[in-house]
2 protein chains.
Amino acid sequence: MARATIDDVARLAGVSIKTVSRVANQEPNVRDSTRVKVANAIATLDYKPNQSARSLASRQSFLIGLLYDDQSKYEIPSAGYVINIQSGVMSACKARNYDLLIHPCTYRNKDISKEIDELIRHSRLDGLVLAPPLSDMLPIIDAIEETGVPLARIAPGSNVNQQCVVTTNDRSACANMVNYLVSLGHKRIAFITGHPDHKAVANRYLGYQDGLQENAIALDTELVQSGDNSIKSGEKCAEALLAGKQHPTAIFACNDDMAAGVIRVAHRRGIRVPEKLSVVGFDDIPLAQQVFPALTTTRQPLKAMAKKATELLIRKLRAEPLEAAPTMVESSLVVRESSGKSPAI
Amino acid sequence: MARATIDDVARLAGVSIKTVSRVANQEPNVRDSTRVKVANAIATLDYKPNQSARSLASRQSFLIGLLYDDQSKYEIPSAGYVINIQSGVMSACKARNYDLLIHPCTYRNKDISKEIDELIRHSRLDGLVLAPPLSDMLPIIDAIEETGVPLARIAPGSNVNQQCVVTTNDRSACANMVNYLVSLGHKRIAFITGHPDHKAVANRYLGYQDGLQENAIALDTELVQSGDNSIKSGEKCAEALLAGKQHPTAIFACNDDMAAGVIRVAHRRGIRVPEKLSVVGFDDIPLAQQVFPALTTTRQPLKAMAKKATELLIRKLRAEPLEAAPTMVESSLVVRESSGKSPAI
DNA sequence: CAACTTCATGACAGCGCTGTCGCTTTTGCC
DNA sequence: GGCAAAAGCGACAGCGCTGTCATGAAGTTG
């Protein structure tokens with residue numbers, strides 16, 4: 001029971017293989033009666049086009065790559081982040097009959113450009129989706145564009161006006177988070193910045209400053225610590241911030257992993273969250289709900305962004321019209337257990 | 001600058017395209033001097049074989065699928081689990097020049113067999129790696145085997161003697177965990193079982209019983225609660241176990257997610273871990289280190305298992321000899337912060 | 001109704017490789 | 001040195017599709 005080929009279908013339907021091809025690919029200019037005839041033959045034989053033959057003849061692979069930073073190698077596991085992105089890309093691919101090839105890589109490699117070049121040239125991708133933080137790194141973008149592979153970027157940090165880039169309102173969402181904390185009575189609101197390589201995360205610091213300004217609170221750099229997005233760094237920054245007796249009443253970590261680190265330190269030091277200290281994060285990765293108390297955070301609609309980016313990519317591949325503007329997906333505040341009224345001072 | 005084809009290389013090297021093919025595929029029966037000549041031409045032209053053409057001619061796709069349960073749809077996020085498996089499969093694929101196609105699916109679907117059939121028949125896979133818990137579900141295995149696609153399973157729950165199955169010593173590792181707890185003075189050791197669909201996890205309960213028996217502790221079914229692998233269910237079970245004043249001194253949840261749930265409840269109830277209650281899990285997913293206190297658990301070498309399974313699969317595909325026995329990768333105890341001496345009674 | 005255009009279809013030539021087979025040259029062995 | 005076996009290489013026919021172009025039928029227009 002070898003798989004049916006296009007010839008088998010053509011024979012059964014009494015048409016040429018080209019007509020079968022037309023029906024299979026939903027091309028126009030086929031009479032309805034013919035279309036039905038062919039469709040029946042396809043169903044009868046359970047015909048599935050051979051993708052390799054299709055690819056060879058049409059010079060398309062129907063394969064989309066997802067390139068992301070493989071943090072697992074550095075034991076900075078933010079698996080939830082990656083999974084969400086995969087899931088979004090996947091759903092867009094499925095809808096358009098593309099398959100998804102994943103490509104973890106590490107931007108910390110010296111010759112990342114070379115690695116990317118290899119990756120792309122070896123494998124038969126029609127297009128590539130680039131996930132944060134890679135999506136904001138110029139050398140990487142350049143390396144990809146040099147290969148000529150169509151690219152879409154999930155780039156929360158990007159404020160460039162470009163096609164095939166999906167962004168989010170990180171900055172204003174951070175300002176909003178500060179507003180929320182102020183509304184709970186907090187005045188000493190600390191901030192933990194992220195990894196300097198991650199543009200998306202850098203943006204968040206600006207939002208924090210915006211928020212302070214809106215509430216006429218002066219920026220106190222003693223309340224700002226630099227992390228690198230990892231839990232460990234969150235812990236380190238929290239240790240610094242909570243050392244004195246006059247510690248801040250709220251800590252705003254610019255990602256959830258670091259906020260989780262802050263919570264670990266609070267537990268260790270016996271500082272009750274949120275009664276004595278509010279802790280908030282950013283991203284809304286699964287971990288946010290797994291720690292105790294569950295994190296108040298900003299939900300970054302990663303999955304939606306990834307899906308949108310992939311849709312854009314596929315439209316580009318199919319030469320379908322694209323909207324000109326970069327696509328913006330809104331982030332929004334999620335209040336959980338880790339934030340509360342500022343303690344009386 | 002169109003991509004060089006095999007003809008270009010043949011012309012430059014002054015040989016036939018077949019010889020180029022031989023060199024490119026490292027086939028035997030090519031004189032060294034010829035091989036060098038061709039290799040040089042390949043390098044000069046930066047020739048990369050067209051995968052689609054290769055696939056069409058050789059009836060292989062060089063594509064391996066990874067099928068796993070997409071828990072994100074059910075908000076039971078154990079992303080770390082999936083990522084680890086992906087990572088293992090990926091590394092084996094890379095080593096052998098295969099590409100990886102991911103296929104999240106949901107076994108809770110009614111017609112999963114049909115979905116799998118579609119999936120496999122539509123896409124051009126050479127082989128499939130099946131991840132837990134799917135890897136222990138007979139209807140799923142059957143559906144795949146019916147399609148005839150070569151299969152390798154990462155099946156911690158399987159004790160069947162089969163080729164292309166990678167298992168681990170879950171049961172004895174659980175017994176070992178009980179031994180460890182007993183060595184800390186614990187006598188009332190509760191257990192939280194996992195989702196009944198997950199065979200791997202069912203096995204663990206047996207290991208728990210083994211452990212009790214080894215230490216001459218009678219099984220007290222009041223200390224056994226049934227969870228479903230989710231954090232939420234861990235919380236529910238913990239509420240039940242910690243309700244009375246005479247609660248157990250240790251809780252052994254058969255996966256880390258549920259152990260994290262137990263910890264959440266302990267925090268909420270003000271029961272100090274590990275001083276008043278030891279909590280241990282199983283799997284060693286990233287979350288284990290992210291909660292406070294960090295979980296004592298058993299490290300299941302998922303990545304290694306996934307890699308091994310993929311290697312086996314590829315050897316099968318390449319018709320290389322396989323060892324007959326199922327492959328076993330050892331799990332091992334990881335002591336962290338959540339376990340300690342039993343409190344005095 | 002002639003002269004177009006549009007629609008519906010098929011013939012055929014590849015896409016860039018690999019598998020098969022046959023031919024020539026080299027190697028191994030008594 | 002002679003002969004069989006093995007090694008080294010190339011010619012050629014596909015693999016199963018899609019793109020291009022040709023052809024004839026049907027529809028449109030002044």
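**Exercise 1.** Which atom of DNA strand D is 2.6 Å from a polar backbone atom of B:Arg31?

*Solution.* The model is predicted: local features need pLDDT of at least 70, side-chain atom pairs count only at pLDDT 80 or more, and totals for chains, interfaces and linings use all residues. Residues are numbered from 1 along each chain as its sequence is written, chains are lettered from A and ligands numbered from 1 in the order in which they are written, and side-chain values use heavy atoms, with hydrogens and water left out. The partner of the B:Arg31 backbone atom is a phosphate oxygen.

**Exercise 2.** State what the side chains of A:Lys18 and A:Arg54 approach on DNA strand D.

*Solution.* Take polar contacts (pairs of N or O atoms within 3.5 Å). An N or O atom in the A:Lys18 side chain is 2.7 Å from a base nitrogen. For the A:Arg54 side chain, the partner is a phosphate oxygen at 3.3 Å.

**Exercise 3.** Describe the protein surface near DNA strand D.

*Solution.* A residue is near the strand if one of its heavy atoms lies within 4 Å of it. By class, the surface has 10 nonpolar, 9 polar and 6 charged residues. Helix 2 (17-24) and helix 4 (51-58) of chain A, and helix 2 (17-24) and helix 4 (51-58) of chain B, each supply at least two residues. Helices are DSSP runs (H or I, at least four residues) numbered from the N terminus. Helix 4 of chain A gives the most, 4 residues.

**Exercise 4.** How are chain A and chain B related?

*Solution.* Superpose by least squares on C-alpha atoms of residues with pLDDT of at least 70 in both copies. A rotation of 180° with 0.0 Å of shift along its axis places chain A on chain B, with RMSD 0.1 Å. The two copies are therefore related as by a two-fold rotation axis.

How values were computed: Polar contact = N/O pair within 3.5 Å; in protein donor to acceptor, adjacent residues only side chain to side chain. Nonpolar A, V, L, I, M, F, W, Y, C, P; charged D, E, K, R; others polar.
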